[in-house]
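Biologist: Hello! Could you pick out a spot in this model for a close look, and then lead me on from there through the parts around the chain that you find worth seeing?

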Amino acid sequence: MAQYDMADTLGAFLRARRALVTPEQAGLPAGARRRVPGLRREEVALLAGISPEYYLRLEQGRNRHPSDRIVTALAAALLLDQDAAAYLHRLARPTPTPTGGRQRPRTGRDDHAGLRALLDNWPGTPAYAHGPGGRVLAANRLAALLCPHYAVGRNPLRAAFLAPDMRRLYPQWDEMTAKVVSGLRTVLDVDDADPELLETIRELTLASERFATLWARREVRRRDTGRSRLDHPVVGRLDLRYEKLLRPGTRELIVVYYPDPDSPDAERQLRLLEAS
């Protein structure tokens, strides 16, 4: 699969998303003997107030830059939420890449040493940081105790689909993997995707049927905060909150896990540190 396909296209996104919308959801009669899942092209065109011929050109990639008004109408027709609508606008309005390629933010050894020192100063809070390719750049001791795939040099994205112990760690594995993929779409740089991330996506598309199915759906939802339920082999069930923080001036994300104060999960997390 080519890099351009990995980074997504306007036409591919439109095709995938109309397949997820039923006529009933769009307020249209279902009719009989439908040959396609979801909406037909002409139905999307009708709902968006454009001609079927113009919509066909959009899906076929013969018109890649519709106006903001048309993109907004398409988002409404496809029942896209705020995150998915923003992603559609990004596909329709890619940022021009300067001659010679866009200069990526620099991260050096000293930057990661400082990042490691920061995370180590949170000894009671599992925290790790990963780069745009998904590889862990820095992690404190408790993060690695919480999950071995959060240790430096590991790739939690890859592990989520290919490591058997991740299925055991996450009792709601199907829900977790769906969140991972829909969140990945929001951080994937449409115009300048990270080569390491593209390689991971390519590998997972071939090696994991679950990933390939989720990736083809092209669902987009930002996941900066939420909850994770884990079945830890040492301390048992953990229900933790998480926050994802973008490190200024970089494409690196800091991921922090924490329990509700004075909860059984807080006690179990403390036992995890004591048992090590």
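**From a loop to the helix packing**

Modeller: Aspartate 262 sits in the loop that runs between strand 5 (253–258) and helix 15 (264–275). Helices here are DSSP runs of H or I with at least four residues, strands are runs of E with at least two, and both are numbered from the N terminus. Before we go on, please keep in mind that this is a predicted model, in which local features need pLDDT of at least 70, side-chain atom pairs count only at pLDDT 80 or more, and totals for chains, interfaces and linings use all residues. Residues are numbered from 1 along each chain as its sequence is written, and side-chain values use heavy atoms, with hydrogens and water left out.

Back to our loop. Phi of aspartate 262 is near 60°, a positive value in a residue that is not glycine. With a relative accessible area of 80%, aspartate 262 is exposed (exposed means over 50%, buried under 20%, and partly exposed in between, with a 1.4 Å probe and protein chains only).

Arginine 218 makes a nice partner for this. Its phi is also positive, at about 55°, and again the residue is not a glycine. Arginine 218 is found in the loop between helix 14 and strand 3 (225–232). Here, though, the relative accessible area is 14%, so arginine 218 is buried.

That loop brings us to helix 14 (residues 209–217), whose axis comes within 5 Å of the axis of helix 13 (residues 195–207), the two crossing at roughly 115°. Such axes are lines fitted to C-alpha atoms, for helices over the stretch in contact, and the angles run from 0 to 180 degrees between N-to-C directions. Helix 13 is therefore roughly perpendicular to helix 14, a label for angles of 65 to 115 degrees, whereas those under 35 are roughly parallel, those over 145 roughly antiparallel and the rest oblique. The crossing of helix 13 past helix 14 is left-handed, meaning that the near helix is turned anticlockwise from the far one by less than a right angle; clockwise would be right-handed. On the helix 13 side the contact (heavy atoms within 4.5 Å) uses Ile201, Leu204, Thr205 and Ala207, and helix 14 brings Glu209, Phe211, Ala212 and Trp215. Sorted by class, these residues are 6 nonpolar, 1 polar and 1 charged. In this scheme Ala, Val, Leu, Ile, Met, Phe, Trp, Tyr, Cys and Pro are nonpolar, Asp, Glu, Lys and Arg are charged, and the others, Gly among them, are polar.

Now turn to the N-terminal helices. Helix 2 (residues 10–18) packs on helix 5 (residues 52–59) at about 115°, with 7 Å between the axes, and these helices are therefore roughly perpendicular to each other. Leu10, Gly11, Leu14, Arg15 and Arg18 of helix 2 meet Tyr55, Leu58 and Glu59 of helix 5. By class, this contact holds 4 nonpolar, 1 polar and 3 charged residues.

Helix 2 and helix 5 turn up again beside helix 4 (residues 41–48), whose buried residues are Glu43, Val44, Ala45 and Ala48. Their cover includes helix 2, helix 5 and helix 6. Leucine 47, also in helix 4, is partly exposed, at 32% relative accessible area. Beyond four places in sequence, leucine 47 is in contact with Ala26, Leu28, Leu39 and Ala77. Just after helix 4 comes glycine 49, with a positive phi of about 75°.

Glycine 49 leads on to isoleucine 70: they are 21 residues apart in sequence, and 8.3 Å separates their C-alpha atoms. Isoleucine 70 belongs to helix 6 (residues 68–77) and counts as buried, at 10% relative accessibility. It touches Ile50 and Tyr54, setting aside residues up to four places away in sequence.

One strand residue deserves a stop too. Valine 136 lies in strand 2 (residues 136–139) and counts as buried at 1% relative accessibility. Its C-alpha is 6.5 Å from that of alanine 151, 15 residues away in sequence. Among the residues that valine 136 touches are Tyr128, His130, Tyr150, Ala151 and Pro156.

Stepping back, the chain comes to 15 helices and 5 strands, and 44% of its 276 residues are buried.
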